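Let's take a walk through a protein together. Have the sequence and the 3D view open, and follow along as we go from sheet to core to surface.

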Amino acid sequence: MQFRDLKAQYAALKDEIDAGISSVIESSAFIMGKPVAELEEKLAERVGRKFCVACGNGTDALTLALMSWGVGAGDAVFTSDFTFFASSGSASVLGATPVFVDIDLNTFNISATALEAQIQKVIAEGKLTPKVVIAVDLFGQPANFDEIIPIAEKYGLKVLEDGAQGFGGNIRGKLACSFGDMSTTSFFPAKPLGCYGDGGAIFTDDESIAERLRSLRAQGKSPVDKYDNREIGMNSRLDTIQAAILLPKLKAFFDYELESVNRVAASYTAKLKDKFVVPTVLPGFYSSWAQYTILLENETKRNEAQKALKEQGIPSMIYYPRGLHQQEAYRSMALSDDAFPKTLEATKRCLSLPMHPYLEEADIEKICKVLCDL
Ligand SMILES: *Cc1c(COP(=O)(O)O)cnc(C)c1O
């Protein structure tokens, strides 16, 4: 059994994907070929933003977004403590200071109450300027933007949606990657919409920001003279081959894959809800199920469950084994565990199960039987 079965997806889309790759090779337009612009246009239209700027990966997407706002040394960038490292690393590489925020245990997403408390703490200390909140759509469910946006507005912060895991989710029909002032996503192969290598994108409604992002992803070049660099940027473009792979995948994603993962999630939930804490999707929210993550009673029970699954050939993952405040890279910040009780609990009790649109009912039954027999 696969944790995320990329081969099954390829088998379903092989003809179109192969044709797309071949046509890029035949055109020799490997860098910024036509499929890149076509994909950007389709993505922007899909999520409901005016502009999409594709780039090298989801981490660069976050860094480019922060660069386009001029975020740097002396700025505080608030983000969830329970997420992939890029959600804060993207701020750290620019010299900004990440400020970690505890989560709501039921959704695994950033807690609005904890966010406001951290903003007030930074203001009271008076050393950093609160600039941005990076709200992560963890495991496929949009962050609670109904609560986060008003808090950000109250304190004059910009909202950057890290939709690396959230692509395809929505809140009352408004799609992920359209929330806040800017949004990003990742096309890393295992993300809800993945390519066959690295890839990412930034979404904005602001034309001048879109223009700046296009420049920043290409060394800060001038839009009129490619050898006149007007500022320091990055080299972070989406490969044309990856764009060609993403075009048929994007169609399949919205045609049936999104519905399939929701069917898989519903099946898991029906079978597991009496014995485990199953994921909560808030009323009006829709998840794209980057992960299906349950909570066990405690760390020992969680580790036992993972072992029992492994003995039956079933892969599972611990997303995430530690909070960002516990990362070696942030050791010098000397952050105490006290501010992150929910993250700590999640790291000890969480277990992510196989999840993808091609997961069969027989496999779901097998997984749930192992867990329920514990
Ligand atoms: C994967 C991921 C990223 C980074 O994406 P890459 O394409 O791997 O650079 C950023 N944020 C979150 C929440 C992610 O899961």
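Before the first stop, one term: two strands count as paired if DSSP finds at least two bridges between them. Keep in mind, too, that this is a predicted model.

With that in hand, look for a little open sheet. Three strands build it in the order E7-E6-E10, and their pairing is antiparallel. Which strands sit at the edges? They are strand E7 (174-175) and strand E10 (285-286), each of which pairs on one side only. Strand E6 (residues 170-171) is joined to E10 by two bridges, and you can spot Asn170 standing opposite Tyr286 of E10. In general, the strands of a sheet pair through backbone hydrogen bonds, either parallel or antiparallel.

For the parallel kind, move to strand E5. Strand E4 (residues 129-136) runs parallel to E5, and five bridges join the two. One pairing to look for is Ile134 with its bridge partner in E5, Leu160. How does the chain get from one to the other? E4, helix H6 (residues 145-154) and E5 make up a right-handed β-α-β unit. E5 also pairs with strand E8 (residues 182-186), again in the parallel sense, over three bridges. Here Glu161 has Ser183 in E8 as its bridge partner. Is strand E5 enclosed or out in the open? Four of the five residues of E5 (residues 158-162) are buried, so the rest of the structure largely encloses this strand.

Now let's go inside. In soluble globular proteins, nonpolar side chains tend to be buried together. The largest nonpolar core here has 47 residues, and those touching the most other members are Phe167, Tyr268, Leu272, Tyr292, Ile294 and Leu353. Several helices and strands each supply at least two residues of this core, including helix H2 (34-47), strand E9 (200-204), strand E11 (292-295) and helix H11 (361-372). Helix H8 gives the most, with twelve residues. Where does this core lie relative to the domains? Domain 1 (6-101 + 109-248) and domain 2 (253-372) both give residues to it, so the core lies between them.

To get a feel for the packing, zoom in on Ile294. Leaving aside neighbours within four places in sequence, Ile294 is in contact with ten residues you can click through, among them Leu272, Phe276, Val278, Pro279, Cys350 and Leu371. Apart from this core lies another one, of 25 residues, and its members include Ala65, Leu66, Ala86 and Ile134. That last name should ring a bell: Ile134 is the residue that partners Leu160 in E5.

Last stop: charged side chains. The count of salt bridges comes to 16. In one of them, the side chains of Glu231 and Arg212 meet at 2.8 Å, N to O. Glu231 lies in the loop between helix H7 (207-216) and H8, while Arg212 is in H7, so this pair ties together parts that are 19 residues apart in sequence. Glu231 is partly exposed, at 21% relative accessible area, and Arg212 is partly exposed too, at 28%.

Another salt bridge links Glu297 and Lys301, at 3.5 Å, N to O. Glu297 is exposed, at 59%, whereas Lys301 is partly exposed, at 36%. Finally, find Arg331 and Glu328, whose closest N and O atoms are 3.0 Å apart in their salt bridge. Arg331 is exposed, at 57% relative accessibility, and so is Glu328, at 58%.

Conventions
Residues are numbered from 1 along each chain as its sequence is written. This is a predicted model: local features need pLDDT of at least 70, side-chain atom pairs count only at pLDDT 80 or more; totals for chains, interfaces and linings use all residues. Side-chain values use heavy atoms; hydrogens and water are left out. A nonpolar core is a set of buried Ala, Val, Leu, Ile, Met, Phe, Trp, Tyr and Cys residues joined through side-chain atoms within 4.5 Å. Buried means under 20% relative accessible area, exposed over 50%, partly exposed in between (1.4 Å probe, protein chains only). Domain bounds come from an automatic or database domain assignment. Contact means heavy atoms within 4.5 Å. A crossover is right-handed if, with the strands pointing away from the viewer, the path from the first strand over the helix to the second runs clockwise. A salt bridge is a side-chain nitrogen of Lys or Arg within 4 Å of a carboxyl oxygen of Asp or Glu.
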